[in-house]
Amino acid sequence: MKKKAISKNKLYSLIALLFVIGILGMLQANSAQYSYQISILERSAIYAVVAVSMNLLTGFTGLFSLGQAGFMAIGAYTVAILTIPADTRASVYYVDGIAPAIANLQCPFWLALILAGLFSAAIAAIIGIPVLRLKSDYLAIATLGFSEIIRAVISAPQLNKITNGSYGLKNIPAFPNLFVAFGLCGLCILLMVLLINSSYGRAFKALREDEVAAQAMGLNLFRYKELAFVISSFFTGVGGGLLAIYMRSIDSKTFSINLTYDILLIVVLGGIGSVTGSVIGAFLVTAGREWLRFFDNPLTIGGIDIPLFRSGFRMVIFSILLMAVVLFYRRGIMGSNEFSWEGLGRLIRSIPNKLKRKSKTQKGDNA
Amino acid sequence: MSAEAKTPINVLHMEDVTMQFGGVVAVNGLSLDVNEGEIVALIGPNGAGKTTAFNCVTGIYEPTFGKVDFMGETILSNTPKGKAEKTYLGEVTPRPIPVIRNTPDKITQKGVARTFQNIRLFGQLTVFDNVLIAKHMRAKQNVLSATLRFNHKEEERMRSEAMALLEEQNLLHLKDEIAASLPYGLQRRLEIARALATEPKLLLLDEPAAGMNPQETQELTDFIKQIRDTYHLTVFMIEHHMDLVMQISDRIYVLDFGKLIAQGTPEEIQNNERVIEAYLGVSDDAED
C-alpha cells in the first residue's frame with residue numbers, strides 16, 4: 001500500500017516537473033513577448049536560493065543572521081569581475097582604470113559562480129570565528145554590521161581599480177537561456193535539501209533544539225555552527241552571483257540592508273524551517289510586488305478620482321497584505337512543514353470544514 | 001551485584017574537585033571513585049551541589065580546582081591561578097597540576113553519557129531522529145559525502161543501530177512521534193535510550209526517577225540494572241527516591257553543602273548519623 005502511494009507521488013512530481021519545463025520552454029520560445037514575466041520569475045528563483053540558504057541557518061540551525069546582503073555582494077562582485085568581457089572592461093572601469101592583475105582574468109560563468117560561493121564561504125569562515133560566539137539577537141546585529149562593512153569596503157574609492165567603487169560594474173553577460181537560470185537555482189536548492197535531510201542536517205536541527213543536549217551527544221557547538229554558517233554563505237554567495245548575472249549591472253547600493261530584509265521577509269512569510277515555504281515565499285513576494293502595480297496608477301470610477309491611487313500606494317497594500325498573512329498564519333504559510341502531495345490533497349479536501357480545522361490547530365499550537 | 005572482588009578497573013576518579021561561583025562554593029573538595037560495573041549513587045539534600053558535580057564531570061563547567069579522571073585518563077583538571085587565586089576560598093595544594101580542559105562533546109566522545117534533571121530532548125524532532133543524532137558523532141562521513149549520499153552504508157548502519165536500540169527500549173512503536181509530545185515517563189526513557197546510543201562506558205543519570213510514582217520507580221530500578229548488564233555500563237546517578245537508591249546502589253556518596261559527609265554501602269549510609277542529621281535539618285521528608 002505504502003509503496004504504491006510513494007510511486008503515485010513520484011508520478012505527480014514528474015508531471016509537475018514536466019509542466020514547469022513546458023512553461024519554461026514556452027516562455028523561452030516567446031522570450032521577447034514575455035520578457036517582463038521572465039524577469040520576475042528569474043528574480044523569484046534567485047531570491048528563493050538565497051531565502052533557502054538563510055533558512056538553512058535561521059530555520060534549521062537556529063542561528064539568526066542578517067548578513068545575507070553582504071555575502072551576496074561578495075558573490076555578485078566576484079562573478080562580475082570574473083565574467084565581464086575583457087574587451088569591454090576599459091569602458092566599465094572608465095574612472096580609474098582597471099588593476100592589471102585582474103584586467104585579463106576571465107572565466108566561464110559556472111566557474112565564476114563556484115568561485116563566488118567559495119570566496120564568500122571563506123569570508124564567512126573568518127567572520128564566523130568571533131561572531132558565532134554570540135547568540136540570537138546579538139548574532140543578528142553583529143552579522144548585520146559585517147554585512148554593512150563588506151558593502152562599505154566594496155564601494156571604497158581605494159578599491160576603484162577592482163570593484164569600480166561607487167560607480168558599479170556593468171556589461172555582465174546574461175544567462176544564455178531560461179533553463180540555465182532555473183536549472184542553477186534548482187540545483188542549489190536541491191543540494192541544500194539533500195544537506196538538510198542528511199546526518200549533518202539532523203545535527204544542525206539538534207543544535208537548534210537544545211545546545212546543551214547537542215553537546216552531550218558529542219557535537220562540537222562551534223564546529224557545527226561554523227559549518228552551517230559557511231555552507232549557508234556559500235549558497236548566499238552563489239545566489240548573489242546569479243543576481244549579478246540576472247541584473248547585468250550591479251553597484252554597492254543593490255546590496256544594502258534592504259536586500260537582507262527582503263530575504264528575511266520571504267523566509268518569515270514562507271515559514272521558518274520550511275524549504276518549500278521559502279520557495280513559495282520568494283515567488284509570492286517578488287511577484288506580488290509587481291501584480292500590485294495596478295494600485296500605482298490613478299484610478300477613476302464614474303468620473304471620481306479615487307484619491308489613494310497614486311505612485312507608491314502598492315507598497316501600502318503590500319504591507320497590509322503582509323500583516324494579514326502574518327496575523328492569520330503566525331508561523332508563516334508553511335510553518336515548519338514541507339510540501340507533499342498528501343498535504344495538498346488534505347488541504348483541498350479540508351476547505352469545506354476549514355474553520356473547524358483551524359480551531360483544532362490553534363489548540364495544538366498552545367499545547 | 002557487589003563490586004568485583006579482583007582489583008576493579010577505575011572508571012571515574014574525582015580528586016578534590018571544587019566548583020566556585022563567585023563567593024559560593026557549590027562543590028567543595030569532592031573526591032570519589034566509581035569502578036567498572038558498579039552502580040553508585042550521589043545523594044544529598046536540595047542544593048547540595050550534586051548536579052554541579054555532574055556538570056564538572058561532563059565538562060559543562062570547568063572546575064575551579066581539582067581533577068577528574070576517566071578510565072585512567074585525566075579529562076579535566078584545573079588549579080586556581082591569577083585572579084581566580086585571590087577569590088579562591090579553598091586550600092591550594094602545593095603540588096601544581098596541569099590545566100586540562102575538554103569540551104562536553106569531547107568527553108561524550110570518550111564514553112561518558114548523561115541524562116538531565118529537567119529533560120533535554122530535541123523536542124520538535126521525532127523519537128527516531130533523537131536517537132539517530134546520537135549516532136552522528138561516531139559515523140565515518142563528512143559534509144560532502146553525506147550531502148551527496150556517498151555515505152549510504154554508514155547511514156544505513158546508523159539507522160539500523162538506532163532501530164535496534166529503540167526496539168530494545170520498547171520505543172519502536174513511537175519512532176515517528178514528536179519527542180515533546182510523549183508522556184513524561186517515556187521522555188525519560190527516550191533520554192536514556194539517546195544516551196545509550198552514544199555508546200558510553202559510563203552513564204550519568206541525573207534524577208532518573210523524578211516525578212515517577214512508586215510503581216514506575218520500581219520499573220526503573222529493574223531497568224537500570226538491566227541496561228547496566230546488557231550494555232556493560234557503569235552507572236553513576238543522582239537520586240532522591242531512597243527506595244531506589246537503597247535497592248540498587250553498590251555504594252553511596254552523600255553530599256551536603258558541597259562537601260562529602262559520608263560514603264559507604266546502603267546499610268552504612270542508612271545508619272549514619274550525619275546523613276540523618278543533614279536530611280532532617282533541611283527537610284522533614286527524606287524522599288524529597
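Tutor: Let's begin with a term: two residues are in contact if their C-beta atoms, placed from the backbone, lie within 7 Å. Keep in mind that this is a predicted model.

Student: What makes residues of chain A and chain B count as being in contact?

Tutor: That 7 Å cut-off on C-beta atoms decides it. By that test, 21 residues of chain A are in contact with 27 residues of chain B. On the chain A side, helices H9 (178–196), H10 (199–209) and H11 (211–216) each give two or more residues, and H10(A) supplies the largest share, seven residues.

Student: How do you know which class the residues on this side of chain A belong to?

Tutor: Residue type settles that: Leu counts as nonpolar and Lys as charged, for instance, whereas Gly is put with the polar ones. Sorted this way, the side of chain A that touches chain B has 12 nonpolar, five polar and four charged residues.

Student: Why is the span of helix H13 in chain A called close to the expected one?

Tutor: The expected span is 1.5 Å times one less than the number of residues. H13(A), residues 257–270, has 14 residues, for which 20 Å is expected, and the helix reaches 20 Å from its first C-alpha to its last, so the description fits.

Student: And what makes Leu259(A) buried?

Tutor: Buried requires 20 or more other C-beta atoms within 10 Å of the residue's own. Leu259(A) is buried, as are Ile263(A) and Gly270(A), among others in H13(A), so each of them meets that cut-off. Their cover in chain A includes helices H2 (35–60) and H14 (275–291). Just after H13(A), Gly271(A) takes a positive phi of about 125 degrees.

Notes
Residues are numbered from 1 along each chain as its sequence is written. Chains are lettered from A and ligands numbered from 1 in the order in which they are written. This is a predicted model: local features need pLDDT of at least 70, side-chain atom pairs count only at pLDDT 80 or more; totals for chains, interfaces and linings use all residues. Helices (H or I, at least four residues) and strands (E, at least two) are DSSP runs, numbered from the N terminus. A residue is buried if 20 or more other C-beta atoms lie within 10 Å of its own, exposed if 12 or fewer, and partly exposed in between; C-beta atoms are placed from the backbone.
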